[in-house]
Every structure is written in C-alpha cells, then in structure tokens.
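Hi,

Here's the structure I promised to pass on. Have a look, and my notes follow underneath.

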Amino acid sequence: MRTLLATAAALCLACAGGPAPGGALPPEGSRVLDLSHAYDADTIFWPTEEGFVLETEFDGVTPGGWYYSAHRFRSAEHGGTHIDAPIHFFAGGRTVDEIPPEQLMGEGVSIDVSQVCASDRDHLIGVADLEAWESRHGEIPHGAIVLLRTGFGRFWPDRVRYLGTDERGAGAVAKLHFPGLDPDAARWLVEERGIRAVGLDTASIDRGQSTTFLSHRTLFEKNVPAFENLAGLDALPPRGFRVIALPMKIRGGSGGPLRVVAIVP
Ligand SMILES: [Zn+2]
C-alpha cells in the first residue's frame, strides 16, 4: 500500500511537471528539530502545580473485536514545554487563542549563554550577553524569535538540577534557582530589536529567584509571548533557521502546551 501511494505520488509530481510551487515543506535537505518535551508523569511544572495526569479510558480489544485506545488528561496551562500568552501577566494582553499564528513562526536565533549559566545558576541574561552574541553573529533580525540556551535543558527532568529544588507547594518557590532574562534585556529585545517572541530552556522567562516577574510584564505589555521549558536547543545553529511554535488553542487561556519545531537548512 505504501509503495502504491509512493508511486502514485511520484506519478502525480511527474504529471504536474515537478514539485508544487514553493517547494517541499520542510525544504528538501533541511532537518526538523523537535524543541518540545513530551508530557508524562515526570514533566516539570511549577512547584505549586499538580503536574500532568493521563488517565486511560480504554486500551485493548473491544467486545467487537477491534483494538481501541483513548485517554483523558488533566494539566495546568503552565508546565512542560508551553507558551505564556501576554495576558498571563498583563490584563490587556492577548489570550493564547488570540495570538496570531504569524507571530509564532519566523526566523530564529539561538543565543548560547550556557557557559555563564553553568557557573551561576541565578544568572540574569543581560543586554551585554545579547550584544556579545551580536558581535559574533550579527544583529538580531527585526521580528526574530529569540531562543536563549542556558544549558539547563540537559538537566530535564531532574527537578533538583533543573529547578534548584524538588520540593512542592508555595514554600518551594523561594528555593527556585535557575537563570532567566534580565528585565532590561527583555525591554531591549522588544524596543530595540522588535522581536516576535522569546523562549528558553528553563521553567520561567524570569529567573528562579525573581519575585517581581518583571521580564514577563515587560514582554507581555508589548504582546510578545514567551516559550518556556524548551528542549533540544543545543542542536541549533546560532542563526539561519526557522521556528514554528503552535500552542493548544485554549479560548481565553493564559498559556498552554506548545509543540515547537525548528527547521534547519
Ligand atoms: Zn508559563
């Protein structure tokens, strides 16, 4: 059947005189990198959240003789690889279903700050870090999706190494230690570089020790969403790739699960 389909597809291409206008998607020779963690019982959520729960409704052979599988899941919006919609920290901001898809796809840059974050878990990724990257790789393009590689993705799903604590509940929040974006750098990315979105491989765009969540607020006032708990950033080149980040379309949602990929030529 697969061979038949392949033959039919080949014939169809041949009769149409070649590939469709615009070429294959993803473009031939390019790689698609998955930047999302899977959701399971080990998925990291904020210490105050329950986590991801998957319940089996049915899994097996039905009385009718066919196989059938179905589950139901329960999850906070903010856990695993997810998007923060602007309304998460700004009353006038867009809800997740209101973010235009055009804002969630575009040219990506990957800024490696893993070295400094390895020696300082509380590092604030500052304008100086971003300018150091620019001096080597050129200016961050207007409308870019900026991915910050702290290196903490390699700790997933070890909560102690990733979050700084495996304690749960409100009392654990003060014990969070992981790097994040400096609010001044958030403002610089929005105002000086006009970015589409920003993401990183930690649990929050503000560092773990933040108590004011000012980077969240700075970004979201300008309707720039954030991607959190990204996976696989170490496989990205500094620039020259595209990002597609499509979240679950929850009406009125402040965020939600995000399937994000990079297309690398
Ligand atoms: Zn979030």
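Below is what I found about the core and some of the helices.

First, the small print: this is a predicted model, where local features need pLDDT of at least 70, side-chain atom pairs count only at pLDDT 80 or more, and totals for chains, interfaces and linings use all residues. Residues are numbered from 1 along each chain as its sequence is written.

The largest nonpolar core has 54 residues, and Val146, Leu147, Leu148 and Val198 have the most contacts inside it. (Such a core is a set of buried Ala, Val, Leu, Ile, Met, Phe, Trp, Tyr and Cys residues joined through C-beta atoms within 7 Å; buried means 20 or more other C-beta atoms within 10 Å of a residue's own, exposed means 12 or fewer, and partly exposed is in between, with C-beta atoms placed from the backbone.)

Now H5, residues 183–191 (helices are DSSP runs of H or I, at least four residues, and strands are runs of E, at least two, numbered from the N terminus). Pro183, Ala185, Ala186 and Leu189 are its buried residues. Seen down the axis of H5, they fall within an arc of 160°, so they line one face of the helix (the arc is that of the directions from the helix axis to the C-beta atoms).

H3 does something along those lines: Asp129, Leu130 and Trp133 are buried. Its buried residues fall within an arc of 95° seen down the axis, so they line one face too. The face of H3 turned away from that side carries exposed Ala128 and Ser135. After H3 comes Gly138, with a positive phi near 95°.

Cheers
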